Amino acid sequence: MKAVVYAGYGETPTLAEVAEPLCEADGVVIAVRATGVCRSDWHAWNGHDPVPLPHTPGHELAGVIAEVGADVTRWQVGDRVTVPFVCGCGVCEYCVAGDAQVCPDQTQPGFTGPGPSPSGSRSARRT
């Protein structure tokens, strides 16, 4: 599938072919219908907030679940979803208390991993 990618900090992003996301047993694949790139992404692109390179930016996304892992019980194909900027682990004391933004095992789409692609997929974990 295609995604906007930059190979180095400050380099012009290009449209590139990237691997389709895999659906892990405890995860889902989201068919992205809308995404945003904002000032946080600009900071990452400039190297102010280091990200793994090459990198696909974007962390504000919404779509529908296209595939569900074998261990997922609360979600099904076709469910409409959004993804928060900070994704907590869901099981630590902070997440259980509703404070996923301080989860020590948090992930951030478009920062700790790739953001969504314009051809429409992103993997996410949390059952």
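This is a short tour of a predicted model, stop by stop.

**Stop 1: the N-terminal strand pair**

Select residues 2-5, strand β1. Show the side chains. They alternate along the strand. A3 and V5 point to one face and are buried. K2 and V4 point to the other face and are not buried.

Now add residues 14-17, strand β2. The two strands run antiparallel, joined by 4 bridges. To find the register, pick A3: A16 of β2 stands opposite.

**Stop 2: β3, β4 and β5**

Select residues 27-36 for β3 and 60-68 for β4. These strands are antiparallel too, with 8 bridges between them. Click V32, then look across to β4: the bridge partner is G63.

Keep β4 on screen and add β5, residues 80-83. Here 4 bridges make the link, and the strands again run antiparallel. V64 is a good place to check the pairing, since R80 in β5 is the bridge partner of V64.

**Stop 3: a charge over a ring**

Select R39 and W42. R39 lies over the face of W42. The distance to the ring centre is 4.2 Å.

**Stop 4: the loop between α1 and β4**

Helix α1 covers residues 39-45. Three residues in the loop that runs from α1 to β4 are worth a visit: P54, T56 and H59.

Start with P54. Display the backbone from L53 to P54. The peptide bond joining them is cis, with omega about -10 degrees. Most peptide bonds are trans. Is P54 buried or exposed? P54 counts as exposed, at 58% relative accessibility. Beyond its sequence neighbours within four places, P54 is in contact with V5, Y6 and A7. For a sense of scale, measure to H43: the C-alpha atoms are 15 Å apart, with 11 residues of sequence separation.

Move to T56. This residue counts as buried, with 8% relative accessibility. Look for the backbone oxygen of V4, which lies 3.5 Å from a polar side-chain atom of T56. Then show the surroundings. Residues up to four places away in sequence aside, T56 touches A3, V4, V5, G110, P114, G115 and P116.

Finish the loop at H59. Its relative accessibility is 3%, so H59 counts as buried. Which side chain makes a polar contact with that of H59? The side chain of D41 does, at 3.4 Å. H59 also has many contacts to click through, including G36, C38 and S40. V83, F85, P109, G110 and F111 are among the residues that H59 touches as well. Sequence neighbours up to four places away are not counted there.

**Stop 5: the aromatic pair**

Keep F85 and F111 selected. The structure holds 1 aromatic pair. The ring centres of F85 and F111 are 5.6 Å apart, and the planes meet at 85 degrees, so the pair is edge-to-face. The two residues come from distant parts of the chain, 26 residues apart. F85 sits in the loop between β5 and α2 (93-96). F111 sits in the loop between α2 and β6 (122-125). Color by accessibility and the two rings separate. F85 counts as partly exposed, at 34%. F111 is buried, at 8%.

**Stop 6: the cysteines**

Select the cysteine sulfurs. How many disulfides are there? The count is 0. C38 is in no disulfide, and the nearest cysteine sulfur, in C87, is 14 Å away. C38 is partly exposed, with a relative accessible area of 26%.

C92 is the next one to click. Its nearest cysteine sulfur belongs to C89, at 3.7 Å. A disulfide needs the sulfurs within 2.5 Å, and C92 is in none. C92 counts as buried, at 15% relative accessibility.

**Stop 7: V102**

End in the loop between α2 and β6, at V102. This residue counts as partly exposed, at 45% relative accessibility. Draw a last distance, from V102 to G88. They are 14 residues apart in sequence, and their C-alpha atoms are 7.8 Å apart in space.

Methods
Residues are numbered from 1 along each chain as its sequence is written. This is a predicted model: local features need pLDDT of at least 70, side-chain atom pairs count only at pLDDT 80 or more; totals for chains, interfaces and linings use all residues. Side-chain values use heavy atoms; hydrogens and water are left out. Two strands pair if DSSP finds at least two bridges between them. Buried means under 20% relative accessible area, exposed over 50%, partly exposed in between (1.4 Å probe, protein chains only). Rings of Phe, Tyr and Trp (its six-membered ring) pair if their centres lie within 6.5 Å; planes under 30 degrees apart count as stacked, over 60 as edge-to-face and the rest as tilted. A charge sits over a ring if NZ of Lys or CZ of Arg is within 6 Å of the ring centre and within 35 degrees of the ring normal. A polar contact is a pair of N or O atoms within 3.5 Å; within protein, one must be able to donate a hydrogen and the other to accept it, and residues adjacent in sequence count only if both atoms are side-chain atoms. Contact means heavy atoms within 4.5 Å.
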